[in-house]
Amino acid sequence: QVQLVESGGGLVQAGGFLRLSCAASGRTFGIYGMGWFRQAPGKEREFVAAISWSGGNTYYADSVKGRFTISRNNAKNTVYLQMNSLKPEDTAVYYCAAGSTGRLVSEYSYWGQGTQVTVSS
């Protein structure tokens, strides 16, 4: 079992930055691929980024490539999402997930409760 708690969301102006953190409990954190997803009001949850268990492989949605960076620290059981050059269309609830490096919601076994990111224009 892995429990996930996100933090770091907030309100920021367009062009600004935020860093999200996802703290995991469970001794097996290091074996899981981890992902970030987001869900805007009235829209489906969508893939943002993912990272392999070792951190050696990362994957991004085209919409965030070059602006967002996913990383992890297995010693701290934490995965991060650095978000730069934020746009109003990045506004959403951001979710951390464990269990895969895939792009589909169904590929992940564990989910956090989400953290709100709001980007004002």
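Where is the place of Ala 24? Ala 24 sits in strand β3 of this predicted model.

**View 1. A close-up of Ala 24 in strand β3.** Ala 24 counts as buried because its relative accessible area comes out at 12%, under the 20% cut-off. For a sense of distance, take Arg 45: the two residues are 21 apart in sequence, and their C-alpha atoms lie 21 Å from each other.

**View 2. The disulfide between Cys 22 and Cys 96.** The count for this model is one disulfide, and here it is, with 2.1 Å between the sulfur atoms of Cys 22 and Cys 96. The bridge ties together distant parts of the chain, 74 residues apart: Cys 22 belongs to strand β3 (residues 18-25) and Cys 96 to strand β9 (residues 92-98). Both Cys 22 and Cys 96 are buried. As for handedness, the torsion about the S-S bond is about -80°, so this disulfide is left-handed.

**View 3. The largest nonpolar core, with its 34 residues.** The residues with the most contacts inside this core are Leu 4, Met 34, Trp 36, Leu 81, Met 83 and Tyr 94. Quite a list of strands chips in with two or more residues: β3, β4 (34-39), β5 (46-51), β7 (68-73), β8 (78-83), β9 and β11 (115-120).

**View 4. Met 83 and the residues it touches.** Zooming in on one of those well-connected core residues, Met 83, we skip its neighbours within four places in sequence. What's left in contact with Met 83 is Gly 16, Phe 17, Leu 18, Leu 20, Arg 67, Phe 68, Tyr 94 and Val 117. Tyr 94 is also on the list of residues with the most contacts inside the core.

Note on methods. Residues are numbered from 1 along each chain as its sequence is written. This is a predicted model: local features need pLDDT of at least 70, side-chain atom pairs count only at pLDDT 80 or more; totals for chains, interfaces and linings use all residues. Side-chain values use heavy atoms; hydrogens and water are left out. A disulfide is a pair of cysteine sulfur atoms within 2.5 Å. Helices (H or I, at least four residues) and strands (E, at least two) are DSSP runs, numbered from the N terminus. Buried means under 20% relative accessible area, exposed over 50%, partly exposed in between (1.4 Å probe, protein chains only). A nonpolar core is a set of buried Ala, Val, Leu, Ile, Met, Phe, Trp, Tyr and Cys residues joined through side-chain atoms within 4.5 Å. Contact means heavy atoms within 4.5 Å.
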